[in-house]
Amino acid sequence: MIYTNVETIPGRRIVEHFGIVQGSTVRAKHLGRDLMASLKNIVGGELKGYTELLQDSREEATHRMGEQARQMGANAVVNIRFATSSVAQGAAELFVYGTAVRVE
């Protein structure tokens, strides 16, 4: 499966279009990460717990989008975009979408 955030894949020709595919995950922080983030707010620095949480979320959402594309018969997803939103206190959704295609 080829993933790209551009509309075409250089050197490849899109031969079939399957439409929009998407994947998402909703994740909540746990108390330990919140406490460490609160301390980091005082002294500054990277919030590594949140960085890992977002990285895991991107991978899971992308995997789900890829599975949907694969079930449609696609071998690539182009024009991929990511979005986040808050769905509840302390929980956020990471959403990814793109266009499933078959390339030569």
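The largest pocket in this predicted model holds about 210 Å³ of space. Of the 14 residues lining this pocket, Arg27, Leu53, Leu54, Ala91 and Ala92 are the closest to its centre. Four elements each give two or more residues to the lining: strand E2 (14–28), helix H2 (48–72), strand E3 (76–88) and strand E4 (91–103). By residue class, the lining divides into 6 nonpolar, 5 polar and 3 charged residues.

Now for the sheet that supplies those strands. The sheet is open, with 4 strands in the order E1-E3-E4-E2 and mixed pairing. Strand E1 (2–3) and E2 stand at the edges, and each has a single partner strand, so one side of each lacks a neighbour in the sheet. Helix H2 packs on this sheet and touches E1, E2, E3 and E4; the direction of H2 makes about 145° with that of E2.

Two of the strand pairings are set out here, each with one residue pair to look for in the structure.

| Strand pair | Sense | Bridges | One facing pair |
|---|---|---|---|
| E1 and E3 | parallel | 2 bridges | tyrosine 3 and valine 77 |
| E3 and E4 | antiparallel | 10 bridges | alanine 83 and phenylalanine 95 |

As general background, strands of a sheet pair through backbone hydrogen bonds, in either a parallel or an antiparallel sense.

How many residues lie between E3 and E4 in their hairpin? There are 2, and glycine 90 in the turn has a positive phi of about 80°. If you follow the chain on into E4, you can look for the pocket again, with Ala91 and Ala92 among the residues closest to its centre.

Conventions. Residues numbered from 1 in each chain as written. Predicted model: local features only at pLDDT ≥ 70, side-chain atom pairs only at ≥ 80, totals over all residues. Heavy atoms only, no water. 1 Å grid on protein atoms, 1.4 Å probe; cavity = no way out; pocket = protein on both sides within 12 Å on 5 of 7 lines; lining within 4 Å. Points joined across faces, edges and corners; volume = space filled by probe spheres on them. Nonpolar A, V, L, I, M, F, W, Y, C, P; charged D, E, K, R; others polar. Pairing = 2+ DSSP bridges. Contact = heavy atoms within 4.5 Å. Axes fitted to C-alpha atoms, helices over the stretch in contact; angles between N-to-C directions.
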